[in-house]
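Let's take a walk through this structure together. Keep the sequence and the 3D view at hand as you read.

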Amino acid sequence: MSSAHRHTWVEASAGTGKTYWIVQKVIEILKLKAARLPEILLVTFADKATTELKKRIHSELMSSGLDDALLDFELAEIHTIHRFCHRMLTEYNFETGVGFTSELIEDRSLALEMLPAILQDLQLKIPLDFRDGLRKSRFPQYEYYWDSSKWLKTCADLTLMYRPHFDSLSPTLTENLGDLDFRLLTWTMQEAQQRIKSYKQKWGLTSYDDMLLHFLEAIERSDDLKKKIRQRFPFAIVDEFQDTDQVQWKIFRELFLNTDTALMVVGDEKQAIYSFRGADISAYRDARQTYRTLEDKQFDEIILGTSYRSSQALLDSLGLLFKHPCWFGPDYRDVNAAPPQTHKFQEEWPGEAVQLVNLQKESRTVTALWAYHRFIAQEIKELLGGGLTFKRDGENRQLEGGDIAVLVRRSRDASNLEKILRQANIPFSYYKKPGLFTSREAAEWEHLLCSLANPRDANLKRIVLLTGFFAVQPVEIEKFGTDQPLFRELFDRWLLYSREGQWSQMFRSILFDSCALQGERNFSWSRRRENYFQIAEELEQQALSSEHSIVSLRDTLLRLRLEDRQLEDEAALHRRETQTSRVQIMTMHASKGLEFPVVFVCGGLSEQAAHRQSLLTYREETEGGTRRVFTVPVTASPFAFQEQEKERWRREQEEEEKRLYYVACTRAAIRLYLPYYCPPRKNRAFLSTTVYPALKALQAVERTPPAFVESGISAERLPSMAPSFDPPVSSDLLQIPQRSTGLLSFSRILHYRRRRKEHFETDDEKSDEKSGELRTETAAVLDVESRRLRGLEGGSFIHSLLERLDWQSLSNGWTDTADLLLRELYHQYFSTQADEGDRELARGWILKTLSTIPGHQVPVAIAQIEQTIKEMEFIFTLSKEQLQTLKQVEDIRIGRGYLQGSIDLVFSYENRFYLADWKTNFLEDYASDSLSAVMQGYDLQARIYCAALVRFLKKCLPDFDYVRHFGGYYYFFIRGLDPHRPGQGIYFARPEQDMIERIFDR
């Protein structure tokens, strides 16, 4: 058996080229012709990593002359673990019986919505004489503000993290032990998990964690499914394996750790730092033990020990640090620098690679931290003013601010550093900083989107007038209401843009036509402007990445704001504030995967006390492997094991701190600065327990920070302490960045004027009045029914009903469950109306649609077809040349990017596959012959849908044949369907195969 066919365990220390190894392994498999590129599964744990891997593989294929593989590149299977599971559940929908067209939702948002109601229910069940116990415990009272309750956060975290089949609860949290508070916590968690599960089942929702569990259950249940996936992927390569958990490891083990496939995992235990995201180091260790029990002929273990990032001098010093008994000890393997001709960085700087900043003369931790921050500012000035140069990838460069990183433990630890850098006139920016979506600007975006989603709500409009977009004084609103000329003009324009899916135009107009960017150009203006821009860009990307409506975009922002309130370190992305090169401040977590010539490691001086944590976890060995145990800190516990649990938690936290500081130290390529300090008073801060003892054994240059005395006493100061702010940026920097990659959706491809006329009619009463004189004679005689449920809201309402209803349950007529869903969706799309006539009309349309027989090709009613997929999503990668065929479409900017969409319905009848699209247009005539003229406007859309389905079938059916398997497409014009008049309101066509395959040719 060749090495390409063997299971492989790869340990890759920081900077040793793990991505290079993965790419070369793929090339080796292709050259041996052991598999085609689409048969090699590559899994990572972040979207950014998948993008980087695709670029590297594509570049290597170009230089390797593997033309056949290059032709297959579009079919390369490179995914995050969640996307891989989603893909498998979707593509094997018929085989597994798992209906996976559910809407994605965040479990945290559901938990925080349900927990207050659960707590209220619990209080109602508690006898009055039992309330005294509640008051003595930490159980929150009804009148408490829930978001600020530590108890609620503890319960929410436990609800989301605890998995009954993989984790366990400490005896402190069981029913028979512990005080009242903890028993209530357990009950609330279990009740919340059950309610969340029931709610998602009822409304067809799923979360990212659900994907993993659904997929694991599917492969455990079906040997046939496992066999199909193994045949499809004889090779599986998993990157960043240290970020896995027990569920993910079990999926990989069940599928690929066998004699039919080769499972290759690449990771580094020293870089396992994401436990707060759910990563479980015990899964990595269990997997390593499992590999080492395999026979030698089935298993290779590879150690990557050559660094292409850091200099040899830096690596030698780091080796002494990490080998110290206080750090990794003798288990640490030395890493050597690559030869100069293959090394990324080359330099000849004076001074040592590792420099210690001696803070020992400071008597208190807070003054030591201030002193270190002042040293950082002074040293950065000297580095940038010293004319230092270096080579990166063979190119000579001068050291700039962007080549320097300051790594903090938590973002809040950087507040003092920020002040000092600003006083020293050193430009800096945040790579990641939480709080973007909890900022005032995010709240103003929320008010605006809520108003656009409910344009008839005058109160919401008044709130928008108060925001920075208009900055209208309350007295003016009281006097004139919403009758403000600028507001009326812009609001109507933005409403039209949102209904037509012109998201880029809408966001650009909101930023530049409103008052958002006005005001005195000082530092606060710069921050406010940057917040407006970053939120706009995030929302635009969300809108362009799928078929969003203004309602769903509003919900997306609400979810982002909720998540940002819950996450401390890894929340919203703050990019550079201008396009100038700035010193990068970031958390140690955020720095993973990055590299800088110069790194200052900051933080670790303060202790992370157990009693301040809302939830504690530790690991314990079991017969089946390792499991997490959940507990909570008890300030005055009568149980001895509670102290033991705290100590186990502390040890595991200390181990993760070691790994975190390893990641921070190994970001440096040329020079690394470390604080050297042990406080006089004993504490358990990581700098005291681990870093200081190890640094004592390290022979390195010691530097002294500038003198600093607390306020009120004279102090030696930096050269410039004058207040400063970001200079006003030029107009060209105020533009939203143009992307080289964009997303085109079908709503943007359809003809602009036709869409305005047929699909996006405004419901605004004034528009109706103004357009009255322009109505044609035919439109003037429309009956009442024809005017109902018109426009974007009406179409979206009907589409949502057809997507979420259980069709088979309506075979005997409308049900109470269906009526409940109808009322909920009606309120969602028409929140200010209560028209029973609309709902009755919708019921009739749905029942007619489901009882309609498409035609002689499919002579059964839609509801009787068992094999269906609703809302099948797809995406095309299109080159600039391929997009030339779209040039005739008005108001579309053609560029390099993607084309994304979803098909309303895909179904199979007698081994043939069809697609269907729902249309709610009002037409004068729904006869089959009359629909041909209407369909000319949908020809391009229909052919794109067909191309998507054909590509899907080619992947699913090894013996796919166009003639045998592809049936054609149906367009159902719902207003005109009549089960008693076959063919009315239905358009059917089956394009020639050549028309589909050549759709994007010039």
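A residue is called buried when its relative accessible area is under 20%, exposed when it is over 50%, and partly exposed in between (1.4 Å probe, protein chains only). By that yardstick C946, at 0% relative accessibility, is buried, and C85 is buried with a relative accessible area of 0%. How many disulfides does a search of the whole structure find? Zero, where a disulfide would be a pair of cysteine sulfur atoms within 2.5 Å.

A word on the ground rules. What you're looking at is a predicted model, where local features need pLDDT of at least 70 and side-chain atom pairs count only at pLDDT 80 or more, while totals for chains, interfaces and linings use all residues. Residues are numbered from 1 along each chain as its sequence is written, and side-chain values use heavy atoms, with hydrogens and water left out.

Now for the sheet. Helices (H or I, at least four residues) and strands (E, at least two) are DSSP runs numbered from the N terminus, and two strands pair if DSSP finds at least two bridges between them. Six strands make an open sheet with parallel pairing, in the order 3-2-7-8-1-9. Its edges are strand 3 (77–80) and strand 9 (299–304), each pairing on one side only. Inside that order, strand 7 (residues 235–238) and strand 8 (residues 262–267) run parallel and are joined by four bridges; A236 has L263 in strand 8 as its bridge partner.

Further along the chain comes strand 13 (residues 354–358), where four of the five residues are buried. Five bridges tie strand 13 to strand 22 (residues 668–676), and the two run parallel. Here V357 sits opposite P675 of strand 22.

Finally, the charged pairs. A salt bridge here is a side-chain nitrogen of Lys or Arg within 4 Å of a carboxyl oxygen of Asp or Glu, and the count comes to 49. In one of them, R397 meets D403 with the closest N and O atoms 2.9 Å apart; R397 is partly exposed at 26%, whereas D403 is buried at 5%. Another joins R650 and E647 at 3.3 Å, N to O. Both lie in helix 25 (residues 640–665), three residues apart, about one turn of the helix.

D819 and R843 form a salt bridge too, their closest N and O atoms being 2.9 Å apart. This pair links distant parts of the chain, with D819 in helix 33 (residues 816–829) and R843 in helix 34 (residues 836–851), 24 residues apart.
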